[in-house]
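Please open the model in your viewer, show the side chains as sticks, and keep the selection tool at hand for a short walk from one charged pair to another.

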Amino acid sequence: MSTRIAFLKGHGTENDFVIVPDPENALDLPQAAVAALCDRRAGIGGDGLLHVVRSAAHPEAREMAAEAEWFMDYRNGDGSLAEMCGNGVRVFARYLQHAGLVTEGDLAVATRGGVKTVHIAKDGDVTVGMGRARLPEGDVTVSVGERSWPARNVNMGNPHAVAFVDDLAHAGDLNSPPPFSPGSAYPDGVNVEFVVDRGPRHVALRVHERGSGETRSCGTGACAVAVATARRDGADPAVTGTPVTYTVDVPGGRLVITERPDGEIEMTGPAVIVAEGTIDPEWLETAVRGRA
């Protein structure tokens with residue numbers, strides 16, 4: 001690796017990402033390289049990395065190329081692969097607009113969680129079609145210290161455990177994964193959301209994101225929380241035929257989640273590009289060796 005690598009930095013409700021444009025999938029980004037780039041003290045810093053690739057150029061996305069030109073090859077902050085990131089999709093779309101690759105209006109983005117529909121509004125907000133939630137059966141419990149709570153198992157293309165608590169402070173230090181049981185419920189780990197009520201159809205959350213620790217926002221987590229809260233409140237659009245909308249406050253801002261009668265979930269919120277530059281290849285090679 002001898003040439004400098006272009007990057008940008010962006011965030012959606014303060015869920016922040018290193019963005020690496022690589023249309024032809026020419027870059028080798030091993031897990032150690034991603035972790036080094038996302039390191040907040042020794043790297044650029046981010047909750048995750050958005051590798052921007054044309055779907056036709058990536059083996060995991062070629063089958064989606066007819067539907068979506070661009071593939072969001074998303075990595076967690078520790079470099080591990082992830083199926084989907086709702087805030088990441090919004091920032092990904094904002095990057096495509098920033099780069100002049102798309103304009104306001106509708107587009108499709110390929111992810112490991114399938115093709116997502118996106119709308120870039122004139123007011124700057126970005127709406128993402130997040131697909132349908134699955135609600136696996138079985139009881140789940142999450143714990144922090146001596147406290148434990150029942151949790152709703154919600155899958156948004158990635159796994160979530162949603163626990164309703166009296167005080168968000170009870171979630172403690174969410175940089176370490178909260179224990180859950182049974183272990184078989186989430187064999188590959190889980191994103192855990194702790195939720196309090198703020199008012200009618202208005203909740204707030206804190207979240208531990210699998211592979212990233214506590215983050216300022218989690219888009220799929222906000223969707224999982226909205227669905228879990230709706231079911232707790234006795235609202236199911238598939239039964240009533242009426243959409244249900246929840247405002248979800250996250251530490252980094254506010255998201256609006258709507259579940260429609262056909263099960264489709266839409267998430268609306270801001271997405272911002274804050275900086276761009278180049279990565280020193282010698283630094284990255286040294287950082288990767290240091291993590292080997």
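The tour below visits salt bridges in this predicted model.

Before selecting anything, it may help to know how many salt bridges the structure holds; the count is 19.

**First stop.** Select arginine 54 together with glutamate 24, which form a salt bridge whose closest N and O atoms are 3.6 Å apart. Because arginine 54 belongs to strand β3 (residues 48-54) while glutamate 24 sits in the loop between β2 (15-21) and α1 (31-38), the pair ties together parts that are 30 residues apart in sequence. If you turn on a surface, is each partner buried or exposed? Arginine 54 counts as partly exposed, with a relative accessibility of 27%, whereas glutamate 24, at 53%, counts as exposed.

**Second stop.** Next select arginine 40 and aspartate 47, where a salt bridge brings the closest N and O atoms to 2.9 Å from each other. Aspartate 47 has a relative accessibility of 7%, which is under the 20% cut-off, and therefore counts as buried. Now add Lys9 and Asp16 to the selection, since these two residues are linked with Arg40 and Asp47 in a network of salt bridges.

**Third stop.** Finally, move to arginine 254 and aspartate 249, whose side chains meet in a salt bridge with an N to O distance of 2.7 Å. Here arginine 254 is partly exposed, its relative accessible area being 47%, while aspartate 249 is buried, with a relative accessible area of 15%.

Notes:
Residues numbered from 1 in each chain as written. Predicted model: local features only at pLDDT ≥ 70, side-chain atom pairs only at ≥ 80, totals over all residues. Heavy atoms only, no water. Salt bridge = Lys/Arg side-chain N within 4 Å of Asp/Glu carboxyl O. Helix = DSSP H or I, 4+ residues; strand = E, 2+ residues; numbered from the N terminus. Buried < 20%, exposed > 50% of the residue type's maximum accessible area, 1.4 Å probe, protein only.
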